[in-house]
Amino acid sequence: MTEEYINEMKRCIKLAKKAMGHTSPNPMVGCIVINKKGEIIATGYHKKYGEFHAERDALLQLKNAKGCTLIVNLEPCCHKGKTPPCTDIIIEKGIKRVVYGMKDPNPLVSGKGIKKLQDAGIEIIGPVMEKECKKLNEIFIKNQIEKKTFVAIKTATTIDGKIATSNGNSKWITSDKARNKAKSLRSVYDAILTSSSTILADNPNMEHNKKIILDRELKTKLNSNIYKQGEIYIFHDKNISPAKQKGNITYIPTPTKKKKLDVEFILNKIFELGIMSVFVEAGGILNGSFLPYADKIYHFIAPKILSDNNGKSCFDGKEIKRIADCKYFEIEKTQIFSPDILVTYNKKSN
């Protein structure tokens, strides 16, 4: 029976994506209600953190939904958070059948929402398109299961993997189309993260509501473009104190390892701060430091070859003697932003 609802589940996923970048720390959820004739009579989605969940958003449009089927990409919640439990309104409105995409990884819900609906006599069908539903909410799943921030790295290189010439020139490797796509990717994530080296070299704006700057020696100037907008966290050597303060900046003293800021400390701290996902935009050294923790890589490739042995690489790290010791990733998809391409990789599952 699950095959009957594939098209409707695709609609739910499409609805959920309308709120991409606005629901964190909640998941993206879309919902459809169909009547006995199979006609869609209401749709909804979770538009923003703190607002109604998708099921309530859809069902409040109806006086009652007796005998109807509700399709949703995530198991309905059964606990009170910012809003009342979705299971309650599903039962109250007389829904006959619930089709779900995947179980909720949140331990407060996982399986309990389904059981509550079954106990109320509602037929349950699912999971439907579970793989696609999990991909949609991969950030939420990691947050709930691992209690860690989701890490994405973006880089733009020549065919031979270079991000700059030996003297640091990097503008522009990719085209306007590719750079505009990179900017749009930022909005998916709770915060962007970069290094003092990138700020000193490029003085970027990197517009975002939240920015994380790794500046071990506090070398960057507060009149740099990046500090003009947003809520900013600067991680710095705990043995160095900031000389100046600025209203939108929070300084976070950080332990070091081999004269580098401790990445695990940083990631643990930003999760404590409620930053559920981070978009790393930096040079090869910082990219290399975050590579062991990366869940996703956005790799823009320009049809250019630098042929500079001393050119700067997109990932710098420790010396490796064997190919078997490479970090392995899986290709999720490729896209063309002519003349460049974007290859998106996911961390290889065990």
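## Close-up views of a predicted model

Lysine 147 sits in the loop between α6 and β6. Everything shown in these legends comes from a predicted model, and each view below takes one corner of the chain in turn.

**View 1. Lysine 147 follows directly on helix α6 and has a positive phi.** Its phi is near 55°, a positive value in a residue other than glycine. Most residues other than glycine have a negative phi, and most peptide bonds are trans. How exposed is lysine 147, going by its relative accessible area? The value is 46%, and because buried means under 20% and exposed over 50%, lysine 147 counts as partly exposed.

**View 2. Helix α6, residues 138–146, is mostly covered.** Of its 9 residues, 7 are buried. Which ones are they? Follow the helix from Glu138 through Ile139, Phe140, Ile141, Lys142 and Asn143 to Gln144, and you have met the buried residues of α6. Charged side chains appear in this list too, with Glu138 and Lys142 among the buried residues. The buried residues of the helix pack against several elements: the helices α5 (130–136) and α9 (263–272), and the strands β6 (150–157), β14 (277–281), β15 (296–301) and β18 (340–347).

**View 3. Glutamate 75 is a buried residue without a salt bridge.** Look for this residue in the loop that runs between β3 (69–72) and α3 (86–92). Where is the nearest side chain of opposite charge? That side chain belongs to lysine 103, and it is 6.4 Å away. A salt bridge would need a side-chain nitrogen of Lys or Arg within 4 Å of a carboxyl oxygen, so the pair does not qualify. The backbone offers a partner instead: a polar atom of the glutamate 75 side chain lies 3.0 Å from the backbone nitrogen of isoleucine 114. Leaving aside residues up to four places away in sequence, glutamate 75 touches Tyr100, Met102, Lys103 and Asp104, and also Val109, Ser110, Gly111, Lys112, Gly113 and Ile114.

**View 4. Strand β9, residues 210–214, is largely enclosed by the rest of the structure.** Why can we say so? Because 4 of its 5 residues are buried. β9 pairs in the parallel sense with strand β8 (residues 191–195) over 4 bridges, and also in the parallel sense with strand β10 (residues 231–237) over 5 bridges. To find the first pairing in the model, start at threonine 194, whose bridge partner in β9 is isoleucine 213. For the second pairing, look at leucine 214, which stands opposite phenylalanine 235 in β10.

**View 5. β8, helix α8 and β9 form a right-handed β-α-β unit.** The helix of this unit spans residues 196–202. On the way from α8 to β9 the chain passes through a loop that holds asparagine 203. What is the phi of asparagine 203? It is near 45°, another positive value in a residue other than glycine. With a relative accessibility of 34%, asparagine 203 counts as partly exposed.

**View 6. Two prolines follow cis peptide bonds.** One of these bonds runs from serine 24 to proline 25, with omega near 10°. Proline 25 belongs to the loop between α1 (6–17) and β1 (30–34). The other bond runs from serine 338 to proline 339, again with omega near 10°. Proline 339 is in the loop between β17 and β18.

**View 7. Threonine 334 is an exposed residue of strand β17.** The strand covers residues 329–337. Is threonine 334 buried or exposed? Its relative accessibility is 54%, so threonine 334 counts as exposed. Apart from residues up to four places away in sequence, threonine 334 touches Leu342 and Val343. Asparagine 7 is 327 residues away along the chain, and the C-alpha atoms of the two residues are separated by 24 Å.

**View 8. The whole chain has 10 helices and 18 strands.** Stepping back from the details, the C-alpha atoms fill a box of roughly 70 × 45 × 35 Å along the principal axes. Of the 350 residues, 49% are buried. Among contacts between residues at least 6 apart in sequence, 65% join residues at least 24 apart.

Notes: Residues numbered from 1 in each chain as written. Predicted model: local features only at pLDDT ≥ 70, side-chain atom pairs only at ≥ 80, totals over all residues. Heavy atoms only, no water. Helix = DSSP H or I, 4+ residues; strand = E, 2+ residues; numbered from the N terminus. Buried < 20%, exposed > 50% of the residue type's maximum accessible area, 1.4 Å probe, protein only. Polar contact = N/O pair within 3.5 Å; in protein donor to acceptor, adjacent residues only side chain to side chain. Contact = heavy atoms within 4.5 Å. Pairing = 2+ DSSP bridges. Right-handed = clockwise from strand over helix to strand, strands pointing away.
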